[in-house]
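Reader: Please take a close look at the side-chain contacts in this model, with the charged pairs as the main part. Please also add the backbone and ring details that go with them.

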Amino acid sequence: MKFQVLDIIPHLKNPVTGEIVSTAERLNQVVETARRAEELGFDSFAVGERHAGEFISSSPTAVLAAIAAVTNRIRLQTGVTVLSVLDPVRVAEDYATIDQLSRGRLELVIGKGNEVLQYPLFGLSLDDQWELLGEKYGLLRRLWREENVTWSGRFRPALIEATTTTPRPFGGSPRIWHGSATTLTSAALAAQWGDPLFTANAIQPRENYKILIDHYREEYERHGHDPRHQYLGSGSGAGGVFIADTTQEAKRQFGPVYEALTIGRNVPGNNSPFRDIDHAVAEGPALVGSPEQVIDKILSYHALYGHDLQSISLPTTLPFEQQLEILERFALEIIPAVRAAAPTTLWEPADPFGGRPEFAGATSTDAAGTVTADHVTHRSENVYAH
């Protein structure tokens, strides 16, 4: 298994102490966490995007550029790029710039976002969120894979003149994942194109996410795509990872913070059913406990999901030094055991994108094209209902 650190950059008071860091300090913590994650051997670092609520992640490209400048090997991802409210031309330009700055380390994770207030902010209707996502993804995909693109659609002015966005990506199109949290639509879109899926696994019971994953796999097969490229990522629960010597000690230390944050969150339809720390540890996706407890929980989810990439989020209302201690313990005491028990080909030689970044030798000049060709070959050698 591979491991990602995700920060959607919430900017909140510690609900127990009332302390909060400045905006500048919080943003610099994100960059320093990414630098330290690379040192500790994490595989990727992801930055979220929000345009409403208590978040300061409205400009993930700026944050990722800062991270690219202080790192050399860790892959850079998003979690998610809210493509439904953005212009695909600008997304293609901005993230290709990040891809060039990082020399091929970018992989985008797109979605429609789960913050409903973003749509009126950009003059869009929430009723169109899925159609916006599908149309804009189709254009973004072409802009990164083709030059001299002409295009017309429903939600943005047509590209009447042949358009080639610049800069071009570092070496062919970066891989694009699809983030899925609540409905089958994103899972179906990922499967339609033969792309990997990233399940939020954030606040609902695991069975709810398993429905989305199963739908993705069924649709992926129905479309006749090569199963070698069917990668899956999984989140780790809202609230953050917390590790202590024993699970009881982890619950004692982190429980008051978790429960106060949970009580304070009032977003109808988007609240966790795991209201207390005991329930969250026993049945929810939260990775809170001893190293052994956390290892067992990740592997239990892997047995159900079969995921290749495990994402974690630090409890960012805690003192930063404590966050880095948790990050280090996770890297040293949890990652090795899970890697050994759950191997994957993601970012390995069998994965065309494994050799895409410069640090990996840039052995594949067009990983996206290789994957597409594999899908075509697989369909030609098999009979599918599609």
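Author: The answer starts with how the values were obtained, then takes the salt bridges, the backbone and the rings in turn.

The model is predicted, so local features need pLDDT of at least 70 and side-chain atom pairs count only at pLDDT 80 or more, while totals for chains, interfaces and linings use all residues. Residues are numbered from 1 along each chain as its sequence is written, and side-chain values use heavy atoms, with hydrogens and water left out.

Side chains of opposite charge can pair when their charged atoms come close. A salt bridge here is a side-chain nitrogen of Lys or Arg within 4 Å of a carboxyl oxygen of Asp or Glu. Across the whole structure, the search returns 25 salt bridges.

Arg175 takes part in a salt bridge with Glu107, at 3.2 Å from N to O. These two come from distant parts of the chain: Glu107 is in strand S5 (residues 106-111), Arg175 is in the loop between S7 and strand S8 (176-180), and 68 residues separate them. Helices (H or I, at least four residues) and strands (E, at least two) are DSSP runs, numbered from the N terminus. Glu107 and Arg175 are both buried, a word that stands for under 20% relative accessible area; exposed stands for over 50%, and partly exposed for what lies in between (1.4 Å probe, protein chains only).

Arg175 also meets Asp351 in a salt bridge, with 2.7 Å from N to O. Asp351 sits in the loop between helix H11 (320-341) and helix H12 (367-381), and Arg175 in the loop between S7 and S8, so this pair ties together parts 176 residues apart in sequence. Asp351 counts as buried because its relative accessibility is 1%. Arg175 is buried too, because its relative accessibility is 5%. Elsewhere, Glu32, Arg35, Arg36, Glu39 and Glu328 are joined into one network by salt bridges that share partners.

Another salt bridge is formed by Asp87 and Arg156, whose closest N and O atoms are 3.0 Å apart. This one also connects distant parts of the chain, with Asp87 in the loop between strand S4 (81-82) and helix H3 (88-101) and Arg156 in the loop between strand S6 (149-151) and strand S7 (159-163), 69 residues apart. Asp87 is partly exposed because its relative accessible area is 32%.

The loop that holds Asp351 deserves a further look. Trp347 lies in this loop between H11 and H12. Its phi is near 60 degrees, a positive value in a residue other than glycine. Trp347 is buried, at a relative accessible area of 8%. Thr363 has its place in the loop between H11 and H12 as well, but Thr363 is exposed, at 64%. From C-alpha to C-alpha, Thr363 is 9.6 Å from Pro349, and the two are 14 residues apart in sequence.

A positive phi, near 55 degrees, is also found at Ile9, again a residue other than glycine. Ile9 belongs to the loop between strand S1 (2-7) and helix H1 (23-40), and counts as buried at 0% relative accessibility.

Next come the cis peptide bonds. In the loop that holds Arg175, between S7 and S8, lies Pro167; the peptide bond from Thr166 to Pro167 is cis, with omega near 0 degrees. The bond from Gly79 to Val80 is cis, with omega near 0 degrees, and Val80 lies in the loop between strand S3 (75-78) and S4.

That leaves the rings. Rings of Phe, Tyr and Trp (its six-membered ring) pair if their centres lie within 6.5 Å; planes under 30 degrees apart are called stacked, over 60 edge-to-face, and the rest tilted. By this rule there are eight aromatic pairs. One of them is the stacked pair of Phe42 and Phe330, with 6.1 Å between centres and 20 degrees between planes. Phe42 is in the loop between H1 and strand S2 (44-47) and Phe330 in helix H11, so distant parts of the chain, 288 residues apart, are linked. Both Phe42 and Phe330 are buried. Tyr301 and Tyr305 make an edge-to-face pair, with 5.5 Å between centres and 70 degrees between planes. The two tyrosines are separated by about one helical turn because they are four residues apart in helix H10 (residues 291-305).

A charge sits over a ring if NZ of Lys or CZ of Arg is within 6 Å of the ring centre and within 35 degrees of the ring normal. Arg206 lies over the face of Tyr301, at 3.8 Å from the ring centre, and Arg50 lies over the face of Phe55, at 4.3 Å.
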